[in-house]
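Trainee: Please take me through a close look at a single part of this model, the side-chain packing and the ion pairs that go with it. I would like one connected account, with the cut-offs given as you go.

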Amino acid sequence: MEWIEILKAIILGIVQGITEWLPVSSTGHLILVEEMMKFRLSPTFVSTFFVVIQFGSILAVIVLFFKKLNPFDPRKKAYERRETLSIWFKIIVATVPAGVVGVLFEDAIEELLYNPITVALTLIIYGVAFIVIENFNKRARINSFQQLSYMTAIGIGLFQILALVPGTSRSGSTIIGAVLLGTSRYIAAEFSFFLAIPIMLGASVLKLMKAGLGFSSSEWIALGTGSLVAFVVSIFAIKFLMDYIKKHDFKVFGYYRIVLGIIVLGYFQFIAG
């Protein structure tokens with residue numbers, strides 16, 4: 001395998017690790033970066049790489065929040081275990097809507113919407129949404145997972161369906177949904193992270209099964225390298241975001257999305273086109 005393909009996997013792993021957790025769309029960024037430095041590997045592998053590389057990011061969430069998400073921690077008291085199990089039940093019910101829609105329409109969505117123009121437009125649209133929502137955002141009424149009801153969790157899960165469109169951002173759509181439904185930014189971000197565990201693990205397994213695991217050794221090396229880099233970078237990205245939102249709102253991400261969307265739209269309409 002040429003070293004250049006590993007380098008591309010490393011770059012895409014860095015992009016994945018940073019953008020998966022910031023509300024700026026990891027899939028959108030991966031599509032755009034890969035458009036500029038095409039993999040010289042099979043189309044089936046490239047399609048699978050975009051999904052399975054997220055596994056590294058998920059491991060970062062599991063590592064960072066293991067204590068909070070582990071209901072079997074012997075150091076936890078009985079009520080703490082019940083609270084942890086309650087978080088998991090809310091994660092599960094919130095995962096169902098996007099999981100069902102994703103399984104039924106994944107191929108159609110990938111065929112019709114995985115392109116730079118869709119990414120550019122959704123970057124701009126949700127960038128505007130972030131700014132508008134933050135301008136009118138009132139004091140949060142949900143500041144803990146104990147206050148997060150199952151109906152609110154399902155509502156956030158419905159917003160996660162929007163993330164099936166590339167450029168939307170899974171974390172972005174769920175954070176917007178959570179804030180609109182009354183959660184604090186901190187709870188919105190944490191719940192968004194937790195929702196990623198089943199939905200992205202499921203997507204990775206499903207994608208690998210559809211691909212048939214028939215990749216070459218070179219492709220497996222690229223996939224492993226990208227996932228490992230995504231894991232390491234995700235650790236820092238998650239810590240950054242959780243520290244950032246303690247003192248700031250999400251408007252900066254809205255402005256970033258709008259500027260990037262305009263640049264992408266201009267590039268692919270007037271230069272690459």
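**Ion pairs, core and helices**

Mentor: Searching the whole structure turns up nine salt bridges, a salt bridge being a side-chain nitrogen of Lys or Arg within 4 Å of a carboxyl oxygen of Asp or Glu. This is a predicted model, in which local features need pLDDT of at least 70 and side-chain atom pairs count only at pLDDT 80 or more, while totals for chains, interfaces and linings use all residues. Residues are numbered from 1 along each chain as its sequence is written, and side-chain values use heavy atoms, with hydrogens and water left out. The pLDDT, which is the predictor's confidence in each residue from 0 to 100, averages 88 over the protein, with 99% of the residues scoring at least 70.

Take first the bridge between Glu-134 and Arg-185, whose closest N and O atoms are 2.8 Å apart. This pair links distant parts of the chain, 51 residues apart, with Glu-134 in helix 7 (residues 116-136) and Arg-185 in helix 10 (residues 185-211); helices here are DSSP runs of H or I with at least four residues, numbered from the N terminus. Glu-134 is buried at a relative accessible area of 9%, and Arg-185 is partly exposed at 26%, where buried means under 20% relative accessible area, exposed over 50% and partly exposed in between, for a 1.4 Å probe and protein chains only. Arg-75 and Asp-73 also meet through their side chains, at 3.2 Å from N to O; Arg-75 is exposed at 66% relative accessibility, whereas Asp-73 is buried at 4%. In a further bridge, Lys-246 and Asp-243 come to 3.7 Å, N to O, with Lys-246 exposed at 56% and Asp-243 partly exposed at 49%. Elsewhere, Glu-5, Lys-8 and Arg-40 are joined into one network by salt bridges that share partners.

Turning to the nonpolar side, a nonpolar core is a set of buried Ala, Val, Leu, Ile, Met, Phe, Trp, Tyr and Cys residues joined through side-chain atoms within 4.5 Å. The largest such core has 44 residues, and those with the most contacts inside it are Trp-21, Val-61, Phe-191, Phe-193, Phe-194 and Ile-238. At least two of its residues come from each of several helices, among them helix 4 (54-64), helix 6 (78-113) and helix 11 (217-244), but helix 10 supplies the largest share, eleven residues. Leaving aside residues up to four places away in sequence, Ile-238 touches Trp-21, Ala-60, Val-61, Leu-64, Phe-65 and Phe-193, a contact being heavy atoms within 4.5 Å. A second, separate core holds 26 residues, including Ala-9, Leu-41, Val-52 and Ala-222.

Helix 11 has 28 residues and reaches 40 Å from its first C-alpha to its last, close to the 40 Å expected at 1.5 Å a residue, the expected span being 1.5 Å times one less than the number of residues. Helix 11 nevertheless has a kink of about 25° centred on Ser-234, the bend at a residue being the angle between axes fitted to the seven residues ending there and the seven starting there.

Helix 3 (residues 43-52) is mostly covered, with eight of its ten residues buried, among them Phe-45, Phe-49, Phe-50 and Val-52. The cover over these buried residues includes helix 1 (3-19), helix 2, helix 4, helix 6, helix 10 and helix 11. On confidence, helix 2 (residues 26-36) has the lowest mean pLDDT among the elements, 78, and helix 8 the highest, 95.
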